[in-house]
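Welcome! Please have the sequence and the fold open side by side as you read this short briefing on aromatic pairs and a histidine.

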Amino acid sequence: MLVALIARDKPGNLQVRLDNRDAHLAYIKETGVVAQAGPLLDQDGEMVGSLIILDVEDMVAAQGWADNDPYAKADLFEAVDLITWKKVIG
């Protein structure tokens, strides 16, 4: 199943994001369940969140992936939503 993970960073936490970016990208690569991903940007082009499409067995697996993301472990996010997603275009 496809799950959209939409995470918004805590205000003023860009440095936390930058400090943990390499570990986050390595986690994406090693887990092999990310179909698409990229940062959410503010009007100035600064990273303020994440949009990640997970291809997982169920919502429990999606939550486990989200909980073990180095960004989550670094307490980067103000809010995280996991929403079942249906690919229609692309």
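What follows covers the aromatic pairs first and then one histidine with its contacts.

This is a predicted model. The count of aromatic pairs comes to two. One of them is tilted, formed by Y27 and W65, and the other is edge-to-face, formed by Y71 and F77.

**The tilted pair, Y27 and W65**
- The ring centres of Y27 and W65 are 4.8 Å apart, with 35° between the planes.
- This pair links distant parts of the chain, as Y27 sits in helix 1 (residues 14-31) and W65 in helix 2 (residues 59-68), 38 residues apart.
- Y27 has a relative accessibility of 11%, so this tyrosine counts as buried, the cut-off being under 20%.
- W65 has a relative accessible area of 4% and is therefore buried as well.

**The edge-to-face pair, Y71 and F77**
- Between Y71 and F77 the centre-to-centre distance is 6.0 Å, and the planes stand at 90°.
- Are Y71 and F77 buried or exposed? Both residues are buried.

**H24 and its surroundings**
- H24 belongs to helix 1, the helix that also holds Y27.
- With a relative accessibility of 5%, H24 counts as buried.
- Which side chain joins that of H24 in a polar contact of 2.8 Å? The partner is D69.
- Leaving aside residues up to four places away in sequence, H24 touches I52, W65, D69, P70 and Y71.
- Among these contacts of H24 are W65 and Y71; W65 pairs with Y27, while Y71 pairs with F77.

Conventions
Residues are numbered from 1 along each chain as its sequence is written. This is a predicted model: local features need pLDDT of at least 70, side-chain atom pairs count only at pLDDT 80 or more; totals for chains, interfaces and linings use all residues. Side-chain values use heavy atoms; hydrogens and water are left out. Rings of Phe, Tyr and Trp (its six-membered ring) pair if their centres lie within 6.5 Å; planes under 30 degrees apart count as stacked, over 60 as edge-to-face and the rest as tilted. Helices (H or I, at least four residues) and strands (E, at least two) are DSSP runs, numbered from the N terminus. Buried means under 20% relative accessible area, exposed over 50%, partly exposed in between (1.4 Å probe, protein chains only). A polar contact is a pair of N or O atoms within 3.5 Å; within protein, one must be able to donate a hydrogen and the other to accept it, and residues adjacent in sequence count only if both atoms are side-chain atoms. Contact means heavy atoms within 4.5 Å.
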